[in-house]
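The following report describes selected local features of one protein model, going from backbone detail to metal sites and helix packing.

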Amino acid sequence: MNTPRHSRPKGTLDFVPPVADELRHLEYVAARLSTRFGFREIVTPVFEHTDVFTKSSGDASDIVTKEMYSFKDRGERDLTLRPEGTPGVVRAVLENRLRIPVRLYYFGPYFRFGRPQKGRFREFRQYGVEAIGEASPYVDAEIVLLGDEFFRTLGISDCTTELNSIGCRACRPGYRKELVAFLYAHKDELCEDCRERMDRNPLRVFDCKNEGCREVVADAPKTAGHLCDDCADHYDGVKRALDRMKVSYGINDRLVRGLDYYNRTVFEYISSRLGAQDSLGGGGRYDYLVEDLGGPPTPSSGFALGIDRTMMAMPEKPPLPEGTQPPRESLAYVVWMGEEELKHAVELAAKLRAEGVATRVDFDAARPKRQFRSADAAGAACCVIVGPDELAKGVYSLKDLATGEQEEVPVNMIVPRVRALFR
Ligand SMILES: [Zn+2]
Ligand SMILES: [Zn+2]
């Protein structure tokens with residue numbers, strides 16, 4: 001085979017069979033669990049007007065400043081490939097005047113022009129849920145629980161949850177001031193990126209992977225110590241609710257999450273299965289976002305989980321609980337001898353498919369021997385042979401490709417016999 005002339009763009013993935021089946025499977029598990037918690041699916045465009053993201057992420061956010069795929073279309077409109085799910089969902093809720101509160105989930109591709117590295121892609125898939133219009137700490141806890149169940153269902157048993165509260169409009173400015181003062185005092189020990197972030201978005205310094213920066217922030221003032229009474233109560237409520245739901249979690253008072261619109265509860269799922277301790281996803285409360293996008297004040301909470309990372313963290317054969325396995329398609333091949341039998345083969349294929357049996361016919365190979373080879377290459381479970389002798393007798397020959405055994409089956413018995421062979 002020749003070397004292909006094209007290669008996929010940097011930071012993207014191909015899902016070839018059977019990996020694409022795994023992806024479908026994850027979507028299936030996500031849909032089932034979400035539905036169980038009262039979330040319904042929403043599908044929004046892959047691109048939005050750019051200001052949907054600039055209004056929501058805040059101009060200071062790194063995603064907006066550096067990582068978005070933004071472009072002008074042929075009508076001179078400013079558009080952006082969605083870098084995350086939440087703003088588009090909120091936009092759609094407002095535009096379609098959905099009754100609030102509303103619980104929605106989504107599953108699809110997202111785009112960020114980041115530096116590709118292990119588990120980080122420029123096109124990546126996310127599974128997200130949004131509870132729009134719900135304020136209770138119990139809602140945050142239920143969302144944490146849902147993500148926790150998702151990873152456990154997929155066999156990622158070492159997944160742990162980290163939790164923090166980053167306050168609200170009332171208490172964050174005071175905290176921010178104190179943090180900026182602290183960072184200025186340690187300016188020389190910070191990396192260039194962090195010195196730049198210090199005024200624009202000082203909380204992001206907590207996300208920096210630089211060793212020197214990590215040492216500095218270890219002693220920095222923490223959000224949890226600066227919460228107003230309402231935020232402190234809400235935070236206690238989330239912890240109590242998680243205890244009642246028997247979700248284990250750890251407190252990480254350096255956790256801030258990358259996006260500007262979060263307030264109060266933030267959380268992240270960590271697994272060591274990606275090599276280093278790394279995040280599989282996370283979320284939090286975003287009580288101001290709906291307002292920022294032109295809606296009424298609407299307390300909201302959600303998560304977004306990295307599907308590509310989840311697939312990397314999954315054990316080889318996840319122990320799937322009853323009812324979450326997608327149906328496995330076994331394949332039957334109809335083998336024909338000559339033009340006359342080909343006509344019959346086409347009818348037989350239609351009949352098998354109508355009965356739910358995945359069926360192929362090799363139309364290109366006139367010789368049965370080549371057709372058998374195609375069946376093997378496609379991983380078929382059996383061949384149904386249509387020859388002149390068979391047609392004269394009113395039977396088909398059914399060949400089990402796993403054992404090589406062959407038997408004659410009356411025409412009207414072929415569907416149940418093929419099915420039995422699949423099992
Ligand atoms: Zn507060
Ligand atoms: Zn830094």
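Which residue, with a positive phi, follows helix 4? In this predicted model, Arg 97 follows helix 4 and has a positive phi, near 50°. Helix 4 itself, which spans residues 86-95, is mostly covered, since eight of its ten residues are buried. The buried residues of helix 4 include Thr 86, Pro 87, Gly 88 and Val 89, and Val 90, Arg 91, Ala 92 and Val 93 are buried as well.

**Zinc sites**

The two zinc ions are set out in the table, with the donor residues and the values that describe each site.

| Ion | Protein donors | Distances | Angles among donors | Spacing in sequence |
|---|---|---|---|---|
| zinc ion (ligand 1) | Cys 168 (SG), Cys 171 (SG), Cys 228 (SG), Cys 231 (SG) | 2.2 to 2.4 Å | 99 to 114° | C-x2-C-x56-C-x2-C |
| zinc ion (ligand 2) | Cys 191 (SG), Cys 194 (SG), Cys 208 (SG), Cys 213 (SG) | 2.2 to 2.3 Å | 105 to 113° | C-x2-C-x13-C-x4-C |

At the zinc ion (ligand 1), the four donor atoms subtend angles of 99 to 114°, and the arrangement is therefore tetrahedral. Among its donors, Cys 171 lies in the loop between strand 7 (160-165) and helix 6 (172-185), while Cys 228 lies in the loop between helix 8 and helix 9 (229-244), and this pair, 57 residues apart, links distant parts of the chain. Cys 171 has a relative accessible area of 8% and is buried, whereas Cys 228, at 22% relative accessibility, counts as partly exposed because the cut-off for buried is under 20%.

The site of the zinc ion (ligand 2) is also tetrahedral, with angles of 105 to 113° among its four donor atoms. Here Cys 194 belongs to helix 7 (residues 192-200) and Cys 208 to the loop between helix 7 and helix 8 (211-218), so the pair ties together parts that are 14 residues apart in sequence. Both Cys 194 and Cys 208 are buried.

**Helix packing**

Two packed helices are described by the angle between their axes and the distance between the axes. For helix 5 (residues 137-153) and helix 9, the axes come within 8 Å and cross at roughly 45°, so that the two helices are oblique to each other, and their crossing is right-handed. On the helix 5 side, the residues in contact are Pro 137, Tyr 138, Asp 140, Ala 141 and Val 144, and they meet His 234, Gly 237, Val 238, Ala 241, Leu 242 and Arg 244 of helix 9.

How far apart are the C-alpha atoms of Arg 240 and Pro 137? They are separated by 8.8 Å, although the two residues are 103 residues apart along the chain. Arg 240 has its place in helix 9 and, with a relative accessible area of 46%, is partly exposed.

Helix 5 also takes part in a second crossing, with helix 1 (residues 19-36), in which the axes come within 10 Å and cross at roughly 140°. The crossing of helix 1 and helix 5 is right-handed, and the contact is made by Leu 26, Val 29, Ala 30, Leu 33 and Ser 34 of helix 1 together with Leu 146, Glu 149, Phe 150 and Thr 153 of helix 5.

Notes: Residues numbered from 1 in each chain as written. Chains lettered and ligands numbered in written order. Predicted model: local features only at pLDDT ≥ 70, side-chain atom pairs only at ≥ 80, totals over all residues. Heavy atoms only, no water. Donors = N, O, S within 2.8 Å, 3.2 Å for Na, K, Ca; no water. Tetrahedral: all angles 85-135°; square planar, octahedral: opposite > 155°, others 65-115°. Helix = DSSP H or I, 4+ residues; strand = E, 2+ residues; numbered from the N terminus. Buried < 20%, exposed > 50% of the residue type's maximum accessible area, 1.4 Å probe, protein only. Axes fitted to C-alpha atoms, helices over the stretch in contact; angles between N-to-C directions. Parallel < 35°, antiparallel > 145°, perpendicular 65-115°, else oblique. Left-handed = near helix turned anticlockwise from the far one by under 90°. Contact = heavy atoms within 4.5 Å.
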